[in-house]
Amino acid sequence: MAAIAFTINGKAVSVDVEPDTPLLWVIREHLKLTGTKFGCGIAQCGACTVHLDGEPTRSCSVQSGQIMQAAALLQKNPRPTRDQIIAHMDGNICR
Ligand code: FES
């Protein structure tokens, strides 16, 4: 298990999940925010789309590792530029 802390809908949250848990299941199962839907599960249909740092993201295919990567960036730089975000997030192979 891994503790993950992030902000969703303007609210700071923390959950303990397996590191390979897709963001969709963190949102639906752990946070009980069921507005985000499961469709195909393979990043094709868009039913699970959320905004991650302002970018539309298919949450069914995003591992929590990306959340950890984004959280680390925001701790160091609370207002990163788009180029800084892209540079920082490109280090995640699971992306
Ligand atoms: S469930 Fe279809 S894109 Fe995520």
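# A tour from Cys 45 outwards

Select Cys 45 to begin: at 45% relative accessibility, Cys 45 counts as partly exposed, a class that lies between buried (under 20% relative accessible area) and exposed (over 50%), with a 1.4 Å probe and protein chains only. This is a predicted model, in which local features need pLDDT of at least 70 and side-chain atom pairs count only at pLDDT 80 or more, while totals for chains, interfaces and linings use all residues. Residues are numbered from 1 along each chain as its sequence is written, and side-chain values use heavy atoms, with hydrogens and water left out.

**The cysteines and Gly 39**

Add Cys 40 to the selection; Cys 40 is also partly exposed, with a relative accessible area of 32%. The structure holds 0 disulfides, a disulfide being a pair of cysteine sulfur atoms within 2.5 Å.

Select Gly 39 next, in the loop between α1 and β3 (49-52). Gly 39 is partly exposed at 40% relative accessibility. If residues up to four places away in sequence are not counted, Gly 39 touches Cys 45 and Ala 47, where contact means heavy atoms within 4.5 Å. For a view across the model, draw a C-alpha to C-alpha distance from Gly 39 to Val 13: the two are 26 residues apart in sequence and 25 Å apart in space.

**The whole chain**

Zoom out and colour by secondary structure. The protein chain has 3 helices and 4 strands, which run β-β-α-β-β-α-α from the N terminus on; helices (H or I, at least four residues) and strands (E, at least two) are DSSP runs, numbered from the N terminus. Along its principal axes the C-alpha trace spans about 35 × 25 × 25 Å. The radius of gyration of the protein chain is 13 Å, which agrees with the value near 12 Å for a compact globule of 95 residues; this radius is taken over C-alpha atoms, and the globule rule is 2.2 Å times the number of residues to the power 0.38.

Of the 95 residues, 33% count as buried. With a surface display switched on, the accessible surface comes to about 6,000 Å², of which 52% belongs to carbon and sulfur atoms, as given by the Shrake-Rupley method with a 1.4 Å probe, where for residues only the protein chains shown count as cover. Among contacts between residues at least 6 apart in sequence, 30% join residues at least 24 apart.

**Helix α1 and two buried loop residues**

Go to helix α1 (residues 23-30), whose buried residues are Leu 23, Leu 24, Val 26, Ile 27 and Arg 28. Just after α1, Lys 32 takes a positive phi of about 60 degrees.

Thr 36 follows in the loop between α1 and β3, and is buried, with a relative accessible area of 14%. Beyond its neighbours within four places in sequence, Thr 36 is in contact with Leu 24, Ile 27, Arg 28, Ala 47, Cys 48, Val 50 and Ser 59.

From that list, move on to Ser 59, which lies in the loop between β4 (55-58) and α2 (64-76). Is Ser 59 buried or exposed? At 0% relative accessibility, Ser 59 counts as buried. Not counting residues up to four places away in sequence, Ser 59 touches Pro 22, Leu 23, Leu 24, Thr 36, Cys 48 and Val 50. Leu 24 thus appears among the contacts of Thr 36 and among those of Ser 59.

**Two strand-to-strand loops**

Which loop holds Asn 9? Asn 9 is found between β1 (2-8) and β2 (11-17), where its phi is near 55 degrees, a positive value in a residue other than glycine. At 72% relative accessibility, Asn 9 counts as exposed.

Asp 53, in the loop between β3 and β4, has a positive phi of about 55 degrees although it is not a glycine. Asp 53 is partly exposed, with a relative accessible area of 36%.

**Helix α3**

End at Ile 85 in helix α3 (residues 82-89). Leaving aside its neighbours within four places in sequence, Ile 85 is in contact with Leu 73 and Pro 80. A distance drawn from Ile 85 to Ala 70, 15 residues apart along the chain, reads 8.0 Å between their C-alpha atoms.
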